[in-house]
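Visitor: Could you take me on a close walk through one part of this protein, starting from a single spot and working outward to the sheets? Keep it casual, I'm at the bench most of the day.

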Amino acid sequence: MSETPFFGRADALEQLGDRLTRAARSEPQIVLIDGPAGMGKTSLIRRFLAAVHPGCHVLRASGEEIEMHLPYGVTAQLLAHARNAADAPEEELDHTGRPGGPVPDPIAVGSCLLDALGRIQDHVTGVVVIDDVHWADTPSLHALTFVLRRLRFDRVLTLLVTRDATDPRLPPGLRRILLADTTLQLTLGGLGLPELTALNAAVGPTPLPRWAIARLREHTDGNPLHTRALLQQLPAEVLVGGNVSLPAPRAYERLIAERLETCAPHTRRLVGAVSVLGMSSPLHLAAEIGTVPDPLEALSEAMARELLEEGAVGSVPRAVFPHPLLRAAVYHGLEPAERSRLHSLAARGVHEPGIALRHRVHAAVGPDEELADDLVRFAVGQGAEGAWSTAASASLAAARLSTDASRGAQRTLRAVEYLLLAGDVSQAAELEQTVREMAPGAEQHYVLGHQALTAGRLDEARRELNACWESGDAATETLRSAAEQLAWLCLIQGDARGIVHWARRGLDLPPGTRSSFLRDSLAIGLAISGDFAEGMASLAHLPASGPRDSPEQLDGLLGRGMLHLWNGQLSDARRDLEDAFASHRRGGLPYAALVALGFLTDAEYRSGRWDDAIAHGTQAVSLAEDTDQISILAVVHAVTACPLAGRGDFRAAEAHAIAAAEHARVLGDVNDTAFAATALALVHTGRGNHEGTVAALSPLLRQDITHRNGIDEAGLVPWRPLLVEALVRTGRTDAAEEVLVPYEAGAAGRRRWLDQAAAARCRGVLEGARGDVEAAERAFLAGLGHCDRGEPCWEQALVRLSYGVFLRRAGRRGSAVAELEVAWRTFHRLRATPYLERTDAELAACGRVAARPRDAVHPLLTAQELTVAKMAARGLTNRHIARELVLSVKTIEYHLGNTYAKLGISSRTDLVDKLARNT
């Protein structure tokens, strides 16, 4: 078939070429091409790729309406194009999108795609093209969002084609990327008169006068597809007849039908069969369904009439529609009975169960309870594998085919729950009014409550979930889910007794088949209530380590890690939280994985492992945003701000703190508010703005806060030590005393060494300000004693700094130097710039200058560079490091290149030696 004429779009092609040039310089680029159907978006991509293809490796995919609920269908298309890359990870690619097996999470699939792109860039620039993004499956869209956020120093150009970038089917994270200032948006409008004149010369029956071209342009809005169809189908006398009305653009289907009528019967049958199968089909399958004895001859005629194209030569022959509108015109032009018959044949001809069911749905002529039951069984199976989007689609189809209205309603409710589990909040919201109009019942109340909780409407959520529980007619699974959501709601509001109450009620029910947050909630609620021992006892079923392949082995592990953290058992906390993060990602609760990563960041900050804390915190924020986990964003932003503030990166730390405060405000979570205020207070403290610290934290003293357990329990949110010191430094010692006393009592009552050390430090600072030298010294020595019975931690350096300051002001300079130098070494190791500067000033006042190491690595490297360097020094390959840190290989290469340059080395052997001499 001759090449389709292409006219105009010179500016768009130039901009695409510029973006490709920048991508080739390791500046990854994203281009959004949008506009109405038929405007030439696909043709623009084809023309662009025709010019650049020899110097690039193209990964191309297209969303398809009939496959939009096939998990990772679009990702599998992209990865299939990566198979030609040298040393492609064949085994891992084979697992992606394979029907019948467990569905991996978007992070795992996104990592696989990142890996493939990294291998391609070893040789050429990668170009990722996804056409009809609005029809891509949801898991692929989440994986794509994950990938695009991690292309930082990669030679990759990504072209995304859609009709509307604000389509609610697109995940919010992807929409933010598409509408960002760094994304080039090319919105295609109609062609102008010069381009349409050239199009007429190429395909029209005769040259038309300018006024006729202008009339044609006004009639079609310059839409290339509609204009071309009219030029090819209408005689010249109609096109130039001023008194003859042109057909409306909606008559495009009729124009295609007329073209089909000129074909032989077997060609018409082939084209119709392909339209039923989708945008493309294996030729033999379309021939079987359409009863076409000589499919190659039929395909040749369809290609001559520009109805079909041939797929890639060299593979199994495929018939492909040149444009979605052409396929739609053929499909909708089929007689209803013929369309239903072809779908029935297709259902028997395809092997993938989900696609076969969709063909049966399209073949149905009315309610069909047997088919609806099959769809429900399929949805349950998909849900068990974590394919929530597919399960939702099947449930909605079952609802439409139900012969009984009450069954249809139940299936719609289950579909909304599947959508919420999939993270498709916007699609679930579109069904909310339908759910509200249903007859009241337990499951309706549960779904409305879950939707309200997801949207942050806490009062409504409580009302609906309580109504579900009290209805008396709920299934066990629904009751258990309602109890889980109510426990989570109480956790958001800091209601410890409520957490325990609902977690126990849920656990009293027969266990379910999937992981739940009930055991974690119970342990957390008990700990917040002050009953730490009972909280730990509730987790006695958990093995210390080993596989986490079942809910019994996994449920509660996150809670145990958090309890260890609050009790100062920092190494145990890091172990459990790392395990919980990895295990929940493999097959548990995606949300729980992010909670674990957030609190792992907190544990590493308190342990004085700031490089790890910054790396994990940054990763947690990114993953939460990628997967639209709104309710965890406040915590992960807040804990990420802490080590950044400690290092004096105030701009980044403040941005995280402000983001945490905004998310906490929207959700109305008192605990999140405390985390956000503490993060902002750390920024103020590092800057020496003690009034700012007081202003940030004083609202937490308000007694009208209904549930104070979470913010008052020692060990959970460390805001009181910051406020005490700020009050002392601003001369408000009596107010400091009022804040400190309950903290001292709580830390002592729980025997939490880390909080006892912090409380003792604050007591020493307060008594020193009052002039009680003996009381101050007793307090500082007690603080060091508490640290000695614990683990290495950040607090120990703070105690020594405060004690050294006290000793210097008491005139005991020799003793002060000893404490300050120990603190200085910790600050230097952590690159805690504000604290280093203060310690330097105190040492100078003692007449001493800190001896700085001659060959210090840490001050030269960023946190990310140091993390990558340490992993490389352990012998990990760049690809392995990329997988561990969830970054692209090119980003790892960039960080290692910077590290080598900063340290003046040229090999990993030198790196190992350099790090060993500075550990």
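Guide: Gly804 counts as buried because its relative accessibility is 0%, and the cut-off for buried is under 20%. Bear in mind that this is a predicted model. You'll find Gly804 in helix 44, which covers residues 794-809. Setting aside neighbours within four places in sequence, Gly804 touches Ala816, Glu819 and Leu820. For a sense of scale, take Gln121: it sits 683 residues from Gly804 along the chain, and the two C-alpha atoms are 54 Å apart.

Now over to the sheet of 5 strands. It is open, its strands come in the order 2-3-4-1-5, and the pairing is parallel. Strand 2 and strand 5 (184-187) are the edges, each pairing on one side only. On average, neighbouring strands in this sheet are turned by 15° against each other, ignoring direction.

Start at the strand 2 edge. Strand 2 spans residues 56-62, and it is largely enclosed by the rest of the structure because 5 of its 7 residues are buried. Strand 2 pairs with strand 3 in the parallel sense over 7 bridges, and Cys56 has Thr125 of strand 3 as its bridge partner. Helix 3, residues 73-82, lies across strands 2 and 3 and runs at about 155° to strand 2.

Further along the order, strand 1 (residues 29-34) and strand 4 (residues 156-162) are joined in parallel by 6 bridges. In that pairing, Val31 stands opposite Leu159 of strand 4. Helix 1 lies across strands 1, 2, 3, 4 and 5, and makes about 145° with strand 4.

Helix 1 (residues 10-24) is also home to Arg19. Arg19 is buried but makes no salt bridge. Here the cut-off does the explaining: a salt bridge has to be within 4 Å, while the nearest oppositely charged side chain, that of Asp18, is 4.5 Å away. What Arg19 does have is a polar side-chain atom 3.5 Å from the backbone oxygen of Thr182. Beyond its neighbours within four places in sequence, Arg19 is in contact with Gln29, Val31, Leu157, Thr182 and Leu184.

Strand 3 (125-131) leads to another spot to check, since Asp132 is in the loop between this strand and helix 6 (138-148). Asp132 is not a glycine, yet its phi is positive, at about 50°. Most residues other than glycine have a negative phi, so a positive value catches the eye. Asp132 is buried, with 7% relative accessibility.

Thr291 makes a nice companion. Its phi is positive too, about 55°, and again the residue is not a glycine. But Thr291 is exposed, with a relative accessible area of 52%. Thr291 belongs to the loop between helix 14 (283-290) and helix 15 (295-304).

That brings us to the sheet of 3 strands, which is open, antiparallel and ordered 6-8-7. Strand 6 (280-282) and strand 7 (309-310) form its edges, each pairing on one side only. Helix 14 packs on this sheet, touching strands 6 and 8, and its direction makes about 90° with that of strand 6. Strand 7 runs antiparallel to strand 8 (residues 318-320), with 2 bridges between them. In that pairing, Glu309 stands opposite Val320 of strand 8.

Definitions and conventions: Residues are numbered from 1 along each chain as its sequence is written. This is a predicted model: local features need pLDDT of at least 70, side-chain atom pairs count only at pLDDT 80 or more; totals for chains, interfaces and linings use all residues. Side-chain values use heavy atoms; hydrogens and water are left out. Helices (H or I, at least four residues) and strands (E, at least two) are DSSP runs, numbered from the N terminus. Buried means under 20% relative accessible area, exposed over 50%, partly exposed in between (1.4 Å probe, protein chains only). Lys and Arg count as positive and Asp and Glu as negative; His and the chain ends are not counted. A polar contact is a pair of N or O atoms within 3.5 Å; within protein, one must be able to donate a hydrogen and the other to accept it, and residues adjacent in sequence count only if both atoms are side-chain atoms. Contact means heavy atoms within 4.5 Å. Two strands pair if DSSP finds at least two bridges between them. Axes are lines fitted to C-alpha atoms, for helices over the stretch in contact, and angles run from 0 to 180 degrees between N-to-C directions.
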